[in-house]
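Please load the model in the viewer and keep the selection panel open. The tour below proceeds by selection, one region after another.

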Amino acid sequence: MRVAPTVTLTSEELSELSRIAASRLSSVRLSLRARMILLAAEGLQNKEIAERLGVDRLQVARWRKRYLEHRLSGIERDLPRGAPPVKVDVARLVELTTQSKPEAMTHWSTRRMAAELGVSAASVSRHWRKHGLKPHLLRGFKVSRDPHFVEKLEDIVGLYMSPPEHALVLCVDEKSQVQALDRTQPGLPLKKGRAETMTHDYKRNG
């Protein structure tokens, strides 16, 4: 027969546990645990305590062990449930987000970054928000070298704002399915509080 570890109490511990067990202000769980330890100090085994208090024997063994290891603080609160949180390497997350791109992809997603770092997608999303990073956003800009750009801009805007009577406006665009990869101006990389940028126009290579 397995014998449970002996519980020896000082006079102060005996007084404190007795007070907790008898107090109406103590939680039901803490009061029950205190009674377990008091009975264990009397020399009762886990099975006997379980039968007397109407609880499971393994529960008695667990709280006896916790009290022997941590004394009163060991029975005052439950152990945290679930898996321990995984610490995120924030510096590497920010570096990967701003300085690299996943293979065959235009930007990082929360799931792909989570798989890369071995953390949850929610953790990646939380740290992106904290650092003002939005890899999915791309803002465009246009730098024109046309010396008459302002006059042309005013003509186009004026045509939409105040069109002449019976006017017919035709807008002709280039063919579709042409990828704009070779931009006329270098873009600005993604950084904290700013999305990645690229020009609207690009060089046609064929």
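**Stop 1: a helix contact**

In this predicted model, begin by selecting Val90, Leu93 and Thr97 of helix 6, which meet Val124, His127 and Trp128 of helix 8. The residues of this contact comprise 4 nonpolar and 2 polar, with no charged residue among them.

Next, display both helices in full, taking residues 121–130 for helix 8 and 90–99 for helix 6. Their axes come within 11 Å and cross at roughly 75°. Helix 6 is therefore roughly perpendicular to helix 8, because angles of 65 to 115 degrees are placed in that class.

**Stop 2: the largest pocket**

Keep helix 6 selected and add strand 2, residues 196–199; each of these two elements supplies at least two residues of the lining of the largest pocket. The space in this pocket amounts to about 500 Å³. Its lining consists of 23 residues, and those closest to the centre of the pocket are Lys101, Thr106, Leu138, Glu196 and Met198. Colouring the lining by class will show 11 nonpolar, 9 polar and 3 charged residues.

**Stop 3: the loop after strand 1**

Move to the loop between strand 1 (138–141) and helix 9 (149–161), and select Ser144 there. Is Ser144 buried, partly exposed or exposed? Its relative accessibility is 31%, so Ser144 counts as partly exposed, the limits of that class being 20% and 50%.

Now add Asp201 and draw a C-alpha to C-alpha distance to Ser144: the separation is 9.6 Å in space, whereas 57 residues separate the pair in sequence.

**Stop 4: two positive phi angles**

Select Arg71, in the loop between helix 4 (57–70) and helix 5 (72–76). The phi angle of Arg71 is near 60°, a positive value in a residue that is not glycine. With a relative accessibility of 27%, Arg71 counts as partly exposed.

Then select Ala104, located in the loop between helix 6 and helix 7 (110–117). What is the phi of Ala104? The value is positive, about 60°, although Ala104 is not a glycine. Ala104 has a relative accessibility of 77% and therefore counts as exposed, the cut-off for that class being over 50%.

To close the tour, restore the view of helix 6, which meets helix 8 through residues including Leu93 and also contributes to the lining of the largest pocket.

How values were computed: Residues are numbered from 1 along each chain as its sequence is written. This is a predicted model: local features need pLDDT of at least 70, side-chain atom pairs count only at pLDDT 80 or more; totals for chains, interfaces and linings use all residues. Side-chain values use heavy atoms; hydrogens and water are left out. On a 1 Å grid over the protein atoms alone, a cavity is a set of points where a 1.4 Å probe fits but cannot get out, and a pocket is an open set with protein on both sides within 12 Å along at least five of seven lines; lining residues have an atom within 4 Å of a point. Grid points are joined across faces, edges and corners, and a volume is the space filled by probe spheres set on the points. Helices (H or I, at least four residues) and strands (E, at least two) are DSSP runs, numbered from the N terminus. Ala, Val, Leu, Ile, Met, Phe, Trp, Tyr, Cys and Pro count as nonpolar, Asp, Glu, Lys and Arg as charged, and the others, Gly among them, as polar. Axes are lines fitted to C-alpha atoms, for helices over the stretch in contact, and angles run from 0 to 180 degrees between N-to-C directions. Angles under 35 degrees count as roughly parallel, over 145 as roughly antiparallel, 65 to 115 as roughly perpendicular and the rest as oblique. Contact means heavy atoms within 4.5 Å. Buried means under 20% relative accessible area, exposed over 50%, partly exposed in between (1.4 Å probe, protein chains only).
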